[in-house]
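Trainee: I would like to learn how to read a model like this one. Where should I begin?

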Amino acid sequence: MIINKCWNVIRVICDIKSFMSNYYQQIEECLKPLFEYIVNPEKIEFEDDIILSLKSFIKKSNHISETLWIIFPHLPKVF
């Protein structure tokens with residue numbers, strides 16, 4: 001329950017374009033440890049939240065960072 005609430009807050013932050021444009025790198029750096037869970041998604045229950053956040057990162061920033069490039073090869077494991 002607490003994890004879901006936390007991800008809701010993270011998703012709202014990631015959906016605010018003005019916020020993301022000013023703090024993209026800081027937010028990505030803070031979320032990087034959570035993004036790394038996508039490497040082994042069987043051990044988590046929030047892989048969908050990670051994907052939605054990644055989508056927002058790409059959409060709001062109009063580019064793909066090095067961190068996201070590292071994560072992308074692992075996305076098929078989620079499906």
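**Reading the model**

Mentor: Begin with one residue: Ile 3 lies in helix α1. Keep in mind that this is a predicted model.

Trainee: Is Ile 3 buried, partly exposed or exposed?

Mentor: Buried means under 20% relative accessible area, and exposed means over 50%. Ile 3 has a relative accessible area of 48%, so this residue is partly exposed. Its C-alpha atom is separated by 24 Å from that of Lys 59, 56 residues along the chain.

Trainee: What is the mean pLDDT of the protein chain?

Mentor: Where pLDDT is low, the predicted coordinates should not be read in detail. Here the mean is 88, and 99% of the residues reach 70 or more. Confidence is lowest in helix α1 (residues 2–15), at a mean of 87, and highest in helix α4 (residues 66–71), at 90.

Trainee: How many helices and strands does the protein chain have?

Mentor: There are four helices and zero strands, in the order α-α-α-α along the sequence.

Trainee: Which residue lies in the loop between α3 and α4?

Mentor: Asn 62 is one of the residues in that loop, which follows α3 (47–61). Phi of Asn 62 is near 60 degrees, a positive value in a residue other than glycine. With 64% relative accessibility, Asn 62 counts as exposed.

Trainee: What radius of gyration does the protein chain have?

Mentor: The value is 12 Å, which agrees with the figure near 12 Å for a compact globule of 79 residues. The C-alpha trace spans about 35 × 30 × 20 Å along its principal axes, and 35% of the 79 residues count as buried.

Conventions. Residues numbered from 1 in each chain as written. Predicted model: local features only at pLDDT ≥ 70, side-chain atom pairs only at ≥ 80, totals over all residues. Heavy atoms only, no water. pLDDT = per-residue confidence, 0-100. Helix = DSSP H or I, 4+ residues; strand = E, 2+ residues; numbered from the N terminus. Buried < 20%, exposed > 50% of the residue type's maximum accessible area, 1.4 Å probe, protein only. Rg over C-alpha atoms; globule rule 2.2 N^0.38 Å.
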